[in-house]
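Me: I would like to learn how to read backbone angles and strand pairing in a model. Could you take me through an example?

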Amino acid sequence: MTIPWNRCKNLLMKYMYKDRVTVYRQQAVKDDDGADNYTMQAIYQELPCHLTQYGKELQSGQNPREFYLKTDLRICLDPEYNILPNDVLVIVHVGQTFTLNAAKAFKYPDHQEISVRREDEA
């Protein structure tokens with residue numbers, strides 16, 4: 001029995017991928033003086049995706065000079081896109097915008113899952 005991966009991908013696109021993500025990656029560039037520099041450039045824009053909670057626990061703690069919060073989420077999207085660790089993902093989910101850092105992508109034939117994290121100082 002063969003699994004109809006294209007059908008699965010189409011169903012995910014139709015029913016699940018209601019969020020949008022723009023992927024930014026640090027790229028080497030030359031500045032006005034010809035010196036090496038780095039800048040964040042959009043690699044993909046407005047890709048359909050699905051953002052969901054990954055862990056139910058709120059992680060927080062106290063550092064010497066601040067209180068911090070960690071938010072662990074997961075994004076799912078089509079496996080044709082190459083998302084790299086440390087890419088910055090700007091995700092629009094139900095009117096909210098999240099700026100998150102990507103971990104290593106885990107790809108399946110019909111989708112990929114990427115753990116994403118945000119750390120905030122309070």
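**A turn and its strands**

Reply: Start with Val94 in this predicted model. Val94 is exposed, with a relative accessible area of 68%; the cut-off for exposed is over 50%.

Me: Where is Val94 placed?

Reply: Val94 sits in the loop between β5 and β6. These two strands form a hairpin, with 2 residues between them.

Me: What sign does phi have at Val94?

Reply: The general idea comes first. Most residues other than glycine have a negative phi. Val94 is not a glycine, yet its phi is positive, at about 50 degrees.

Me: Which residue in strand β2 has a positive phi, and what is its value?

Reply: Glu46 has a phi near 55 degrees, a positive value in a residue other than glycine. Glu46 belongs to strand β2, which covers residues 36–53.

Me: Now the pairing. Do β5 and β6 run parallel or antiparallel, and over how many bridges?

Reply: Strand pairing is read from bridges, and at least two are needed between the strands. β5 and β6 (residues 96–107) are antiparallel and share 6 bridges. To find one of these by eye, start at Ile91, whose bridge partner in β6 is Phe98.

Me: Which strand is joined to β5 by 5 bridges?

Reply: That is β1, residues 19–30, which runs antiparallel to β5, residues 88–93. For a residue pair to look up, take Tyr24: its bridge partner in β5 is Val88.

Me: How do I put β5 in context?

Reply: Strand β5 is joined to β1 by 5 bridges and to β6 by 6 bridges. Val94 lies in the turn of the β5–β6 hairpin.

Note on methods
Residues numbered from 1 in each chain as written. Predicted model: local features only at pLDDT ≥ 70, side-chain atom pairs only at ≥ 80, totals over all residues. Heavy atoms only, no water. Helix = DSSP H or I, 4+ residues; strand = E, 2+ residues; numbered from the N terminus. Buried < 20%, exposed > 50% of the residue type's maximum accessible area, 1.4 Å probe, protein only.
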